[in-house]
Amino acid sequence: MLDFTKNIKLEPAWQKIYLVGRILVYIIFIFSAIFFLNRTLFPSLDFSINLNGQRVKENPLGYENTSSDESLFSAYTKENFSIIDFQIITKKNQSDLSQKQIAIRKTYSAFSYPEDESPASFPNGSLLKNSKNFFLVSDGKIRKFAGAKIISALGYTEENFQDATTEEIEYSEKGEDIISAEKYPSDSLFLIDNTYYKLSSDILHPFVSEKAFLSYFEKSQALTKDEEFLKKYTVNQDNPIGFANGTLLSFDIGVFLVIDEKVVPFNNPETFLALGYNWEDIIPANEEEIGLYQRDKVFSISRPHPSGTVFFAQDSNKYYLIFGQSKKEIRGENILKIYSKRKPIIAQEKSLEFQTACALQKKLWPFNSYGCKSFIENLGQAPGKDYQFKIQSSPDLEISATRAVFSKKINWLNLRDTLSIIKQRFLTNYGYGTTN
Amino acid sequence: MAMEQRTKKQLGLLSYKLLYEILILWLLAILGLTVIQVIMPNFFFSSFFLAKIIIALFVLLLLISYLGKINSSDILPALENSDKIWNKKVIFLFIISTALIVNSFRDLGMFLLIPISVFALIVLFFLFHQTINSSNNQ
């Protein structure tokens, strides 16, 4: 073997010790290299949470008390893993958790919101026709035009209205009929001199651009008027209307998500893809359109999808609209047509079931700790980025800390996945690929 | 007493040789990790991790330097005193340095990349030359 200090001579007995020492050093070096390769090619991910309020360095677990005797922990990652090692540390003198089941699923947390009884209805501003009846959705209610005379006096033609079935119309609360042609109802839409407007409480609010208007409605839904019409109402130029919630925008090198009156930048391309979004759905925005919004903190992988997101459950063929902390089923093709302006995120109803479980065993160290291991390869196929762990226990259980370590089995498939990611990153780094 | 002194001397030399061995392997590891970090920044590990490894290298160098001082009467005469700058190790390091420098400036475009890389390599060569000359003079 190479001796870098061959000119420094040792006595024969010490030379033997030196040889043994060298062999040990090389063995440690080789093992370290193997360890490094193992961690690199089969990476593990460590999530934890300390419920005593101490800060966790990185990869925090989400935590929710879903009911008095049920706790839900969430880990957020796009990658597929083979094994999960779960550990709970309780405070002193707690009831024994041995044999308690930890149920595991992988889904999107927004998709797991409770389903609202009422399905999604047409949004405000929608002009609808059903047989010989014509409607406008105004202030959350569906209002019928009293007759053809009112419609033509207001300037509408049949082309302004989109089809709606009787069933779809019934999803909305009924409002008063529109009986007057002298005043436009709230949520009426207009196109005046290449600018779209929405009427609200007798004030005209302009849309920041045509693209913003089209993120909500079709062109035909706006009634064309001339500039004289602007004199009849107050125009609020200070607060133009931006894009619909859940719209993806790009500006400069950033990609943003519209959430309420803010734009939220994605922290990295992996988060964008982990949420199930598609690069083709991004709308390029100009300075004026982006400048309209306040910027919010970055959108990290732990955040759920916002209101306005549409999910498509592949296995049940159903569409859902996220509405606050609940989801509403989108029934009816005509309603779906409106909400599909934002491409749906693919999900599976099956992912809502807790398909995998493991039973907790008491550990010797740390004190008051329990752990279990489970194989989760079968969860890899389910779309989603949120691994959720549910534990049912007594209402007075006090958990001190929880940890979930995800790891991959050493096999050809996992190696191939990692090498593929490395290759993709390498090519992207040198400008030859796009992140996928 | 003489026995004790002999044992101490041999132990010092043994420690020096083993630490030197570790130093070479550590340098190889740093070289490999630096190349990986340059090609795929922050993918396998963070720059902070690499910084910790380099700090550990300095600790190792301090230890070797300390042991070298204690055993200077046996170590110094034995060390090679080569006037040759261009040996295999230096050529290997030069090639790696060139690759790393060119990679760092790759986004500049050819007209800037070539002169800046050549300038950086010349500076590196002069620094290396000065270091070798001053250690030879010592």
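## A guided tour of chains A and B

Select A:Phe251 first: in this predicted model, A:Phe251 stands opposite A:Gly254, a residue of strand 17 of chain A. Extend the selection to strand 16 (residues 248–251) and strand 17 (residues 254–259) of chain A, and an antiparallel pair joined over four bridges comes into view. Both strands belong to an open sheet of five strands in chain A, ordered 19-16-17-18-20, in which the pairing is mixed. Strand 19 (283–284) and strand 20 (294–295) of chain A form the edges of this sheet; each has a single partner strand, so one side of each lacks a neighbour in the sheet.

**A second open sheet in chain A**

Turn next to the sheet of four strands with the order 23-22-21-24, which is open and mixed in its pairing. Its edges are strand 23 (326–330) and strand 24 (345–347) of chain A, each of which pairs on one side only. On average, and with direction ignored, neighbouring strands of this sheet are turned by 35° against each other. Select strand 21 (residues 310–313) of chain A together with strand 24 of chain A to see a parallel pair joined by three bridges. Within that pair, A:Phe311 has A:Ile345 of strand 24 of chain A as its bridge partner.

**Strand 11 and its two partners**

Select strand 11 (residues 189–192) of chain A. Strand 12 (residues 195–200) of chain A pairs with strand 11 of chain A in the antiparallel sense, over four bridges. Here A:Leu191 is bridged to A:Tyr196 in strand 12 of chain A. Two residues lie between the strands of this hairpin, and A:Asp193 takes a positive phi near 50°. Strand 14 (residues 223–225) of chain A pairs with strand 11 of chain A in the parallel sense, over three bridges. For this pairing, select A:Ile192, which stands opposite A:Lys225 in strand 14 of chain A.

**A hairpin and two domains**

Move to strand 2 (residues 62–67) and strand 3 (residues 70–76) of chain A, which run antiparallel and are joined by five bridges. The two strands form a hairpin with two residues between them, and A:Tyr63 has A:Phe73 of strand 3 of chain A as its bridge partner. Colour chain A by domain: domain 1 covers 42–100 + 360–429, and domain 2 covers 127–184 + 207–233. Taken over C-alpha atoms, the centres of domain 1 and domain 2 of chain A are 51 Å apart.

**Where the helices meet**

Display helix 1 (residues 12–41) of chain A with helix 1 (residues 2–39) of chain B; they pack at an angle of about 25°, and their axes are 10 Å apart. The two helices are therefore roughly parallel to each other, and their crossing is right-handed. Show side chains along the contact: from chain A, the residues include A:Trp14, A:Tyr18, A:Phe29 and A:Phe36, and from chain B they include B:Leu11, B:Leu18, B:Ile22 and B:Leu33. By class, this contact comprises 14 nonpolar, three polar and three charged residues.

Finally, keep helix 1 of chain B and add helix 2 (residues 47–70) of chain B, which packs against helix 1 of chain B at an angle of about 160° with the axes 10 Å apart. Helix 1 of chain B is therefore roughly antiparallel to helix 2 of chain B. The crossing of these two helices of chain B is left-handed. Their contact has 20 nonpolar, six polar and no charged residues.

Methods: Residues are numbered from 1 along each chain as its sequence is written. Chains are lettered from A and ligands numbered from 1 in the order in which they are written. This is a predicted model: local features need pLDDT of at least 70, side-chain atom pairs count only at pLDDT 80 or more; totals for chains, interfaces and linings use all residues. Side-chain values use heavy atoms; hydrogens and water are left out. Two strands pair if DSSP finds at least two bridges between them. Domain bounds come from an automatic or database domain assignment. Axes are lines fitted to C-alpha atoms, for helices over the stretch in contact, and angles run from 0 to 180 degrees between N-to-C directions. Angles under 35 degrees count as roughly parallel, over 145 as roughly antiparallel, 65 to 115 as roughly perpendicular and the rest as oblique. A crossing is left-handed if the near helix is turned anticlockwise from the far one by less than a right angle, and right-handed if clockwise. Contact means heavy atoms within 4.5 Å. Ala, Val, Leu, Ile, Met, Phe, Trp, Tyr, Cys and Pro count as nonpolar, Asp, Glu, Lys and Arg as charged, and the others, Gly among them, as polar.
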